[in-house]
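Here are some short exercises on helix packing, each with a worked solution. Have a look at the model, then try each task before reading on.

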Amino acid sequence: MKLQVNLGANSYPITIEYNALANIKETINVNRKVAIITDTGVPEKWVNMVAAQCPNHFVLTFEQGEQSKCFDTYKYLLEQCIEHNMSRKDCVIAIGGGVVGDISGFVAATYMRGIDFYNIPTTILSQVDSSVGGKVAIDMGSYKNIVGAFWQPKAVIIDPQVLSTLSIRQQHNGLFEALKMGMILDAELFELFEKDDLNLETIFQKSISLKKMVVEQDEKESSLRKILNFGHTIGHAIESDCGLNTFLHGECVSMGMLFFIEDKALKERVLKIYEKLEAPQVPDYSVDTILDIISHDKKTTGATTTVVKVPTLGKYILEEYSNEQLRDVLERGPYEK
């Protein structure tokens, strides 16, 4: 399956097919210097499969985890690009999950004012969400994605076979982002999660197609693309408050969505899906601490924060919330019925 993200000069293809990793030359010009960036959580066989097709490459590996999406890792990767004499004609290939894609894309966006970037996502979360759309970034302290850019990849290559090495927790982590897309845009996608057996192929295709559609209409998040932040306002804050490695990103998004589902019957349906996907409970939190973290979020402008609410399945509302309104939401908690 091939899709095209239509963004004018920034357009690029998405390839979704088994064994795509063995045929990257169909998509990528590998006859140049290639920086392959990955982390310790990615099985070597996937990295080696890509590297074997690149005559002039070097591999840069950093420690798995959100804590590595920082200035120190970013500086190290840039230093290695310089040491290997990379030019503006060369490229970066990311092989890994969202952390790898985010920091690799930011390296590509800023090295020599921008070089070609290719994304090969190896987790469900990165395949259905972060690999499409061109958001690249690093964290600063406990603030997620606070330093970054929009830098669209030249191509995204999704090979479902890489998911065979994922843990069950990582699989579920990615599915929360797909569930999010169903809640805000597609009731049929949501209903797939209520079936006894999950049709992952259909879930992936629907999720990626929806993400593509939103990005095409609003590349740099000036309006419509803000809906993709459903669950992120409070979810990011919980992720930061608990330490960036306590919960996985999708797990925190699942927590954050509960605060803004207005239909009580829908929330009950969501909680049943969460039980199936073994979602963690929302931990105890300090309202003041969460509000302080939200105040530094990119979605906060002046005295208000843009929140995404779901009044009913497949529908969304964008609304500006004051600090007092957010306090009320946090004090009511996620499980209010």
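**Exercise 1.** How are helix 5 and helix 10 oriented to each other, roughly parallel or roughly antiparallel?

*Solution.* A word on the basis: this is a predicted model, where local features need pLDDT of at least 70, side-chain atom pairs count only at pLDDT 80 or more, and totals for chains, interfaces and linings use all residues. Residues are numbered from 1 along each chain as its sequence is written, and side-chain values use heavy atoms, leaving out hydrogens and water.

Step 1: find the helices, which are DSSP runs (H or I, at least four residues) numbered from the N terminus. Helix 5 spans residues 168–185 and helix 10 residues 264–276.

Step 2: take the angle, from 0 to 180 degrees between N-to-C directions, with axes fitted to C-alpha atoms over the stretch in contact. These two axes cross at roughly 160° and come within 11 Å.

Step 3: apply the cut-off (over 145 degrees counts as roughly antiparallel). Helix 5 and helix 10 are therefore roughly antiparallel.

**Exercise 2.** Which residues of helix 5 and helix 10 meet?

*Solution.* Contact means heavy atoms within 4.5 Å. From helix 5 come His172, Phe176, Leu179 and Met183, and they meet Val270, Ile273, Tyr274 and Lys276 of helix 10.

**Exercise 3.** At what angle do helix 9 and helix 10 pack?

*Solution.* Step 1: helix 9 (residues 249–258) packs with helix 10 at about 160°, the axes being 11 Å apart. So helix 9 is roughly antiparallel to helix 10.

Step 2: list the contact, made by Ser254, Met257 and Leu258 of helix 9 with Lys267, Val270, Leu271 and Tyr274 of helix 10.

Technical notes
Angles under 35 degrees count as roughly parallel, over 145 as roughly antiparallel, 65 to 115 as roughly perpendicular and the rest as oblique.
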